[in-house]
Amino acid sequence: MGKGGSLSDGVIKKILLSYTYVAIWIFLSFTVIVYNKYILDKKMYNWPFPISLTMIHMSFCATLAFLLIKVFKVVEPVSMSRELYLSSVVPIGALYSLSLWLSNSAYIYLSVSFIQMLKALMPVAVYSIGVLFKKEGFKTDTMANMLSISLGVAIAAYGEAKFDTWGVMLQLGAVAFEATRLVMIQILLTSKGITLNPITSLYYVAPCCFVFLLVPWIFVELPVLKETSSFHFDFVIFGTNSLCAFALNLAVFLLVGKTSALTMNVAGVVKDWLLIAFSWSVIKDTVTPINLFGYGLAFLGVAYYNHSKLQALKAKEAQKKAAQADEEGGRLLEERESEGTDKKSESQN
């Protein structure tokens with residue numbers, strides 16, 4: 001009874017920890033999105049400089065990652081040559097900087113709720129780019145599901161009360177660059193046996209992003225910032241905002257490491273619905289019935305996609321276990337045959 005009880009307690013503890021990691025990730029992801037909107041929106045904090053904000057995040061994250069790896073040695077650095085860094089990390093850093101720049105820019109023009117609806121296109125972009133780079137096989141049923149997600153997002157866009165073409169283009173560009181980055185990670189790093197957790201990833205990628213963003217910042221935002229002489233850098237606002245962004249990366253590491261990537265996808269859906277509710281009830285963004293119907297259709301498509309991926313992973317795992325069992329069975333059979341041969345030769349002698 002004691003043994004059974006302790007096992008039950010262990011299972012309960014594991015479930016509670018999983019829900020805690022999910023709650024922390026949802027809270028931090030929620031906070032970063034709303035905080036960025038607050039800073040960039042002209043009706044709120046009114047600091048519409050997305051490149052500058054992204055550069056602040058990158059410099060802060062790079063510094064903390066350096067301290068954790070080199071000074072406090074909390075995380076082991078990944079061995080990486082200069083050639084590998086230039087050929088693999090730099091392209092990923094370029095894509096990441098573009099993704100962050102465009103996604104932060106979209107907050108100036110679009111509501112939080114509508115941005116979350118547009119982000120539902122991420123599986124469509126990842127799958128399409130994966131097929132293009134031959135990392136995913138083309139399947140008619142999967143493509144049909146991608147079209148249903150796209151249709152849902154199109155309906156949501158049609159029902160958007162404050163539709164802004166430029167804002168939509170920025171967010172779609174951010175989705176395209178982020179999807180390309182995810183596929184490139186598979187091609188340039190994972191295929192070479194290199195895995196980066198969020199800390200080592202920031203250590204290598206964040207400085208690269210900062211350098212890439214420096215070029216457009218000099219031409220696009222620096223001249224405007226020079227004219228706004230009334231602005232004073234608020235260390236509390238930008239410091240806490242950057243800290244939340246860094247903490248979110250740690251939460252991703254915890255969530256995926258202690259649960260699974262699929263759990264993160266499911267948690268992401270919950271977060272999106274919470275953000276839509278928050279955007280409507282607190283920020284007072286307009287959410288129309290057509291918005292909700294379109295996003296609901298896209299949500300069903302994304303849920304089916306996640307379910308299909310889970311089933312494929314289960315089938316792959318079962319196939320792997322079956323192959324291991326066959327290999328073990330074959331080895332045992334060979335040993336028995338060998339023993340039988342030995343005994344037969346001994347009896348003949």
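A crossing of two helices counts as left-handed if the near helix is turned anticlockwise from the far one by less than a right angle, and as right-handed if it is turned clockwise. With that in hand, the helix packing in this predicted model can be walked through pair by pair.

Take α3 and α7 to begin with. Helix α3 covers residues 82–109 and helix α7 covers residues 165–188; their axes come within 8 Å and cross at roughly 160°. Angles over 145 degrees count as roughly antiparallel, so that is the label for α3 and α7. The handedness of the crossing, as α3 passes α7, is left. On the contact itself, the residues sort into 15 nonpolar, nine polar and two charged.

Helix α7 also packs against α5, this time at an angle of about 50° and with the axes 9 Å apart. The pair α5 and α7 is therefore oblique, and here α5 passes α7 in a right-handed crossing. Helix α5 itself runs over residues 122–132, and its buried residues are P123, V124, A125, V126, Y127, I129 and G130. Just after α5 comes a backbone quirk: K134 takes a positive phi of about 60°.

Then there is the matter of empty space. The second largest pocket holds about 300 Å³. Its lining is made up of 15 residues, with K37, D41, K43, K162 and D285 lying nearest the centre. Sorted by class, the lining of this pocket comes out as eight charged, five nonpolar and two polar residues.

Key
Residues are numbered from 1 along each chain as its sequence is written. This is a predicted model: local features need pLDDT of at least 70, side-chain atom pairs count only at pLDDT 80 or more; totals for chains, interfaces and linings use all residues. Side-chain values use heavy atoms; hydrogens and water are left out. Axes are lines fitted to C-alpha atoms, for helices over the stretch in contact, and angles run from 0 to 180 degrees between N-to-C directions. Helices (H or I, at least four residues) and strands (E, at least two) are DSSP runs, numbered from the N terminus. Angles under 35 degrees count as roughly parallel, over 145 as roughly antiparallel, 65 to 115 as roughly perpendicular and the rest as oblique. Ala, Val, Leu, Ile, Met, Phe, Trp, Tyr, Cys and Pro count as nonpolar, Asp, Glu, Lys and Arg as charged, and the others, Gly among them, as polar. On a 1 Å grid over the protein atoms alone, a cavity is a set of points where a 1.4 Å probe fits but cannot get out, and a pocket is an open set with protein on both sides within 12 Å along at least five of seven lines; lining residues have an atom within 4 Å of a point. Grid points are joined across faces, edges and corners, and a volume is the space filled by probe spheres set on the points. Buried means under 20% relative accessible area, exposed over 50%, partly exposed in between (1.4 Å probe, protein chains only).
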